[in-house]
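This report goes through one protein chain, from its overall build down to single residues. Please keep the sequence and the structure in view while reading.

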Amino acid sequence: MSTNALRDAWATLVPDRRDDPGNRHGPLPPLLIALTVVTGLVDAFSYLVLGRVFVANMTGNVVFIAFALAGSHDFSLAASLVALLAFAVGALLGGRLGVRFAAHRGRLLLAAVVAEAVLVLASYLYCLLVPHAETGGSRYLLVVLLGLAMGTQNAAVRRLAVPDLTTTVLTLTITGIAADSRAAGGGDSKIGRRLLSALSMFLGAFLGGLAALHGHAALPLLPAAVLLALACAALATQARSTLPWTGKP
């Protein structure tokens with residue numbers, strides 16, 4: 001990785017001083033990296049434990065629905081449809097939060113992450129308290145809870161409009177790494193941030209996979225809930241900030 005890429009990645013994880021007028025996104029980039037790790041953890045749980053369904057990656061669910069309609073018995077049409085609907089309702093909630101906190105991006109993300117943390121923690125506790133929670137009707141309840149959480153996150157992050165940090169979708173991010181590279185005639189712009197985003201999703205999915213396959217089935221949700229709680233704590237300190245990054249990007 002080039003020096004510029006490393007510098008770009010470092011600037012994403014450790015933004016400039018909060019009072020720097022040129023710091024357009026304040027503390028949002030490292031928080032969105034943390035939410036990207038959460039996405040990997042939660043989708044690892046949903047796919048590996050709840051059975052080939054995503055609660056964050058709706059592109060995957062649309063494809064799974066098509067496979068099920070084509071006659072494949074490896075994918076659940078009902079589970080994918082429920083996940084898609086729950087995600088859409090969560091996105092609606094996130095959209096409403098975006099309107100409610102349109103003047104302050106820090107408060108918007110705080111409200112969304114609080115809602116997400118409650119839903120993820122509830123899912124984790126439900127798995128601990130209910131035997132075989134990954135089967136039957138319990139499975140669909142978990143899909144709904146996590147779909148709502150990830151839809152809320154996705155809508156809020158979309159409203160924040162921090163470039164290359166969508167927290168759930170990596171297709172355009174990976175495309176940008178190649179298409180904007182020097183080999184393609186570009187300026188190698190934002191490659192560090194883009195690689196960091198992709199690696200964050202990979203890390204979350206990898207750790208979630210290890211936890212689900214070699215530990216307790218619900219274990220991927222615990223670090224996800226912890227990361228969300230830490231993000232809430234960090235955002236709470238910024239709720240009264242009036243620095244430029246809190247306004248529209």
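The sections below cover the whole chain, the annotated spans, one helix pair and a few single residues.

## The chain as a whole

The model is predicted. Its secondary structure comes to 9 helices and 0 strands. Read from the N terminus, the order of elements is α-α-α-α-α-α-α-α-α.

The C-alpha trace spans about 55 × 45 × 30 Å along its principal axes. The radius of gyration is 18 Å, which agrees with the value near 18 Å for a compact globule of 249 residues. Of these 249 residues, 49% count as buried. Among the contacts with a separation of 6 or more, 72% are between residues 24 or more positions apart.

## Spans named in the record

An unreviewed UniProt entry carries the annotation "transmembrane region" for residues 31-49, 54-71, 77-95, 107-126, 138-157, 195-215 and 221-239. Two of these spans are described here.

Residues 138-157 are 100% helix and 0% strand in the model. The C-alpha atoms at the two ends of this span lie 29 Å apart. Residues 195-215 are 95% helix and 0% strand, and their end C-alpha atoms are 29 Å apart.

## Helices α7 and α8

Two packed helices are described by the angle between their axes and the distance between the axes. Helix α7 covers residues 171-179 and helix α8 covers residues 191-214. Their axes come within 9 Å and cross at roughly 140 degrees. The crossing of α7 and α8 is left-handed.

Which residues make the contact? On the α7 side they are Thr-173, Gly-176 and Ile-177, and on the α8 side they are Ile-191, Arg-194, Leu-195 and Ser-197. Sorted by class, the contact of α7 with α8 has 3 nonpolar, 3 polar and 1 charged residues.

## The loop between α7 and α8

Lys-190 lies in the loop between α7 and α8. Is Lys-190 buried or exposed? Lys-190 has a relative accessible area of 35%, so this residue counts as partly exposed. Leaving aside neighbours within four places in sequence, Lys-190 is in contact with Asp-8 and Asp-164.

Distance along the chain and distance in space can be set side by side for Lys-190 and Ala-225. These two residues are 35 residues apart in sequence, and their C-alpha atoms are 29 Å apart in space.

## Two residues with positive phi

Most residues other than glycine have a negative phi. In the loop between α6 and α7, Ala-161 and Thr-167 depart from this pattern. The phi of Ala-161 is near 60 degrees, and Thr-167 has a positive phi of about 70 degrees although it is not a glycine. Helix α6, before this loop, covers residues 136-160.

The two residues can also be described by their accessibility. Ala-161 has a relative accessible area of 38% and is partly exposed. Thr-167 is at 1% relative accessibility, so Thr-167 counts as buried, the limit being under 20%.

## Leu-110 in helix α5

Leu-110 is part of helix α5, which covers residues 105-129. Its relative accessible area is 18%; buried means under 20%, so Leu-110 is buried.

Which residues does Leu-110 touch, not counting residues up to four places away in sequence? They are Cys-232, Leu-235, Ala-236 and Ala-239. Leu-110 and Ala-234 are 124 residues apart in sequence, while the distance between their C-alpha atoms is 8.9 Å.

## The loop between α8 and α9

Ala-217 lies in the loop between α8 and α9, and α9 covers residues 221-236. At 28% relative accessibility, Ala-217 counts as partly exposed. Apart from neighbours within four places in sequence, Ala-217 is in contact with Phe-45, Val-49 and Ala-212.

How far apart are the C-alpha atoms of Ala-217 and Glu-134? They are separated by 8.5 Å, although the two residues are 83 residues apart along the chain.

Notes
Residues numbered from 1 in each chain as written. Predicted model: local features only at pLDDT ≥ 70, side-chain atom pairs only at ≥ 80, totals over all residues. Heavy atoms only, no water. Axes fitted to C-alpha atoms, helices over the stretch in contact; angles between N-to-C directions. Helix = DSSP H or I, 4+ residues; strand = E, 2+ residues; numbered from the N terminus. Left-handed = near helix turned anticlockwise from the far one by under 90°. Contact = heavy atoms within 4.5 Å. Nonpolar A, V, L, I, M, F, W, Y, C, P; charged D, E, K, R; others polar. UniProt positions renumbered as here; feature names shortened; annotations may be inferred. Rg over C-alpha atoms; globule rule 2.2 N^0.38 Å. Buried < 20%, exposed > 50% of the residue type's maximum accessible area, 1.4 Å probe, protein only.
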